[in-house]
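Work through the exercises below with the model open. Each task is followed by a stepwise solution.

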Amino acid sequence: MFEQDPRFSDNLSTDHLKEAARLMTVCNSCRYCEGLCAVFPAMELRRSFEEGDLNYLANLCHSCGACYQDCQFSPPHEFNVNVPQTLAKVRADSYQSYAWPKAFQPLFNRNGLAITVIAALSVAAFILGFALWHDPEVLFKGGSFYRLMPHNVMAGLFGSVFLYMIIAMTMGVRAYWKDIGAASVSAGQIPSLWQAMKDAGQLRYLDGGGVGCYNEDEKPSDNRRFYHHLTFYGFMLCFAATTTGTIYHYAFGWEAPYELFSLPKLFGILGGIGLVIGPVGLAHAKAKRHDDLKDSAAKGMEAAFLLMLFTTGLSGLLLMALRETPLMGLTLSLHLGVVFALFLTMPYGKFVHGIYRFGALVLYAAERKVHRAAQPARKTA
């Protein structure tokens, strides 16, 4: 069995990190997969692997599965090289290790699906209770949302949880950024950020080197990439709908409901459709995916993430359709409960993968720039 030099693995804190270090040592000796994605060129810039390096490479991996299919040492070979699955395990561990505050890190060890559903239903029940206490009849009347809950109360409630989410995720990203050594190459500069934005916006490294992702068999496709796009841009459009609605209300004094062809409505409808179709497609692809390519321990966290996004989109669309009916109050309570729970659990679930992956792409862009700048000097020397 090919083993990494123990001098480089004794200081690693988990078995998943030790296995990842072993695999990176094997891959660094082979380099057959260096053209498939960003992981292997980034790996080649290192000769040993500390925890920060492995967490960086794990979050840089988009789990397309191409390296597993192409590798001559993948199971049942005695080297047992399975990069996608191993990096998926390290990636999931990294979400927990960087979570803030540390007291909430054990949330990653529990059933994320149950916690998220309970949180959503609890908030929905609270909003229903508030409405019953304030004016029971409003639950069975369509029309303005603010009859159910005054705008200032709604803004204060959701503004508070949104602020907490921002603080918690900022602290987590700060710890991650420091651990992966991004400051050593000034990764936060505009050129690196811009390159990472382009790579993330296109899901550049979710294409298996150009052929697509491998899922349940040896036939690659772009299905996962397509559903990822629908989910990501659907979420961004829904966020844009909320943002423009807030600007309309506070900057111009335009109160909801808005016209069908207003920006909040258009953003919300398109975003809701994306959040319905995208997560369903990703869940289907995940269910069909070969066991060797996924981390089964993260099943609950991933299911919770997709369910919350799907429910956010579906409840938002239903709210638009049922606004003038007696079901408006119940639908609004459910929608607000789901959105509140989504924001509250964001720092402690699969949502952070997008943030950490973007950070890895920024560092990779900076490292490439430094590496390319050093090439002429080496040739001259």
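**Exercise 1.** How do the residues of the lining of the second largest cavity divide into nonpolar, polar and charged?

*Solution.* Start with the ground rules. This is a predicted model, in which local features need pLDDT of at least 70, side-chain atom pairs count only at pLDDT 80 or more, and totals for chains, interfaces and linings use all residues. Residues are numbered from 1 along each chain as its sequence is written, and side-chain values use heavy atoms, without hydrogens and water.

Step 1: fix the classes. Ala, Val, Leu, Ile, Met, Phe, Trp, Tyr, Cys and Pro count as nonpolar, Asp, Glu, Lys and Arg as charged, and the others, Gly among them, as polar.

Step 2: find the lining. A cavity is a set of points on a 1 Å grid over the protein atoms alone where a 1.4 Å probe fits but cannot get out; lining residues have an atom within 4 Å of a point. Here 14 residues line the cavity, and Cys37, Cys61, Ser63, Cys64 and Cys67 lie nearest its centre.

Step 3: sort them. The result is eleven nonpolar, three polar and no charged.

Step 4: place them. Helix H2 (39-44), H4 and H5 each supply at least two lining residues. H5 has the largest share, three residues. Helices are DSSP runs (H or I, at least four residues), numbered from the N terminus.

**Exercise 2.** Describe the largest cavity.

*Solution.* Step 1: search the whole structure. Three cavities of 30 Å³ or more turn up.

Step 2: take the volume, the space filled by probe spheres set on grid points joined across faces, edges and corners. The largest cavity holds about 140 Å³; the second largest holds about 100 Å³.

Step 3: list the lining. The largest cavity has 16 lining residues, with Cys27, Cys30, Cys33, Phe40 and Cys71 closest to its centre. Helix H1 (15-30), helix H4 (66-70) and H5 give two or more residues each. H1 gives the most, three.

Step 4: classify. The lining of the largest cavity has 13 nonpolar residues, two polar and one charged.

**Exercise 3.** Is Ser94 buried or exposed?

*Solution.* Step 1: locate Ser94. This residue sits in helix H5 (residues 83-98).

Step 2: apply the cut-offs. Buried means under 20% relative accessible area, exposed over 50%, partly exposed in between (1.4 Å probe, protein chains only). Ser94 has a relative accessible area of 1%, so Ser94 is buried.

Step 3: check the contacts (heavy atoms within 4.5 Å). Leaving out residues up to four places away in sequence, Ser94 touches Asn55, Asn59 and Tyr356.

How values were computed: 1 Å grid on protein atoms, 1.4 Å probe; cavity = no way out; pocket = protein on both sides within 12 Å on 5 of 7 lines; lining within 4 Å.
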